[in-house]
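Trainee: Please take one part of this structure and go through it closely. I would like the local pairing first, and then how that part sits in the rest of the chain.

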Amino acid sequence: MSTPIEMTSNKPYIVGAFYDWISDNDLTPYIVVDVSVYGVMVPMSFVNDGQIVLNISSSAVGSIVMGEAAIEFSARFGGKLEHLVVPYGAIGAIYAKENGAGTSLPIEHPEVVEEDDVPAKPALAGVESKPVASTGEGKEATGTKATADKTSEDKPAKGRPSLKVVK
C-alpha cells in the first residue's frame, strides 16, 4: 500500500484556464465570491447574501494578478478605486456573462493552524483578512460597472488635516 501524495489545490489552474478561455473568446469573465472565506477583501457594501459577483475582465479592472493563493486587482465601485483580494478558495464559480459558459467550484476554507498562546487563524500565505470599506448603497457589484451614491464618508472630519486636489 502506498501513502497518498499531498497535492496543492487545483483551483488556481482551473480559474486561470477558464479566465483565459472566456477572454480568448471575447466574452466577459465573472466570478462569484463567498465573502465568508478568510482573506477575502472586497467592498462589503456590495455584498448580497454573503456573495459578490465581480467582473474580472481586463477592460473592467486595473492590473490583475493571478497569484499562487489569490487573485488581486483594482476596480471602481461607485467611482471609488478599490484594491480587491480574492483567495481561490472563495471562488464559487467563474463564467462568461454573455452566455453563462463556465464552471462552478467548491468553496474551500483554509486550514486552521494554532501557535503557542495565539488564537487559531487560517493558514493562507500572503493574504490578509480585512474587508475593504466602500461607499454606496448597492448590493451586487460587477467590477467597474457598479454605481453608488457618495456619502458623508468622503468628507474629512472637522479638525483633521486633509489634502484637496484642485484642477
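Mentor: In this predicted model, strands 3, 4 and 5 make up an open sheet, ordered 3-4-5 and paired antiparallel. The edges are taken by strand 3 (65–66) and strand 5 (80–87); each has a single partner strand, so one side of each has no neighbour in the sheet.

The pairing of strand 4 with strand 5 can be followed residue by residue. Strand 4 covers residues 70–77, and eight bridges join it to strand 5, the two running antiparallel. A70 is placed opposite P87 of strand 5. Further along, R76 has L81 as its bridge partner in strand 5. The hairpin of these two strands has two residues between them, and G78 there adopts a positive phi near 60°.

V85 is a residue of strand 5. Its relative accessible area is 6%, and the cut-off for buried is under 20%, so V85 counts as buried. Between V85 and A69, which are 16 residues apart along the chain, the C-alpha separation is 9.8 Å. In a regular strand, side chains point alternately to one face of the sheet and the other.

Strand 4 also takes part in an aromatic pair. The ring centres of F46 and F77 are 5.1 Å apart with the planes at 50°, so this pair is classed as tilted. The pair connects distant parts of the chain, since F46 belongs to the loop between strand 1 and strand 2 while F77 belongs to strand 4, 31 residues apart. F46 and F77 are both buried.

The structure has three aromatic pairs. Another of them is formed by F18 and W21, with an edge-to-face arrangement: the centres are 5.7 Å apart and the planes make an angle of 85°. These two residues are three apart in helix 1, so about one helical turn separates them. F18 has a relative accessible area of 22% and is partly exposed. W21 is also partly exposed, at 44% relative accessibility.

Helix 1 leads to the other sheet to be described here. The helix spans residues 11–24 and lies across strand 1, strand 6 and strand 7, at about 20° to strand 6. Those strands belong to an open sheet of four, in the order 2-1-6-7, with antiparallel pairing. Strand 2 (51–55) and strand 7 (102–104) are its edge strands, each pairing on one side only. From one strand to the next, the twist averages 20°.

Inside that sheet, strand 1 (residues 29–34) and strand 6 (residues 91–96) run antiparallel and are joined by five bridges. One point in this pairing is V32, whose bridge partner in strand 6 is A93.

V33 is located in strand 1. Its relative accessible area is 0%, so V33 is buried. Leaving aside residues up to four places away in sequence, V33 touches V40, G50, Q51, I52, L54, V86 and A90. Of these, Q51, I52 and L54 fall within strand 2 (51–55), and V86 falls within strand 5 (80–87). V33 thus gives a contact between a strand of the four-stranded sheet and a strand of the three-stranded one. For A90, the C-alpha atoms lie 5.4 Å apart, although V33 and A90 are separated by 57 residues in sequence.

For the chain as a whole, there are one helix and nine strands. In sequence order they give the pattern α-β-β-β-β-β-β-β-β-β. Among contacts between residues at least 6 apart in sequence, 59% join residues at least 24 apart. The chain has 167 residues, 37% of them buried. About 10,800 Å² is exposed, with carbon and sulfur atoms supplying 51% of that area.

Last, the confidence values. The average pLDDT of the chain is 78, and 66% of the residues reach at least 70. Residues 123–157 stay under 50 in pLDDT, and the model has 85 contacts beyond four places in sequence for them.

Technical notes: Residues are numbered from 1 along each chain as its sequence is written. This is a predicted model: local features need pLDDT of at least 70, side-chain atom pairs count only at pLDDT 80 or more; totals for chains, interfaces and linings use all residues. Side-chain values use heavy atoms; hydrogens and water are left out. Two strands pair if DSSP finds at least two bridges between them. pLDDT is the predictor's confidence in each residue, from 0 to 100. Contact means heavy atoms within 4.5 Å. Buried means under 20% relative accessible area, exposed over 50%, partly exposed in between (1.4 Å probe, protein chains only). Accessible areas come from the Shrake-Rupley method with a 1.4 Å probe; for residues, only the protein chains shown count as cover. Axes are lines fitted to C-alpha atoms, for helices over the stretch in contact, and angles run from 0 to 180 degrees between N-to-C directions. Rings of Phe, Tyr and Trp (its six-membered ring) pair if their centres lie within 6.5 Å; planes under 30 degrees apart count as stacked, over 60 as edge-to-face and the rest as tilted.
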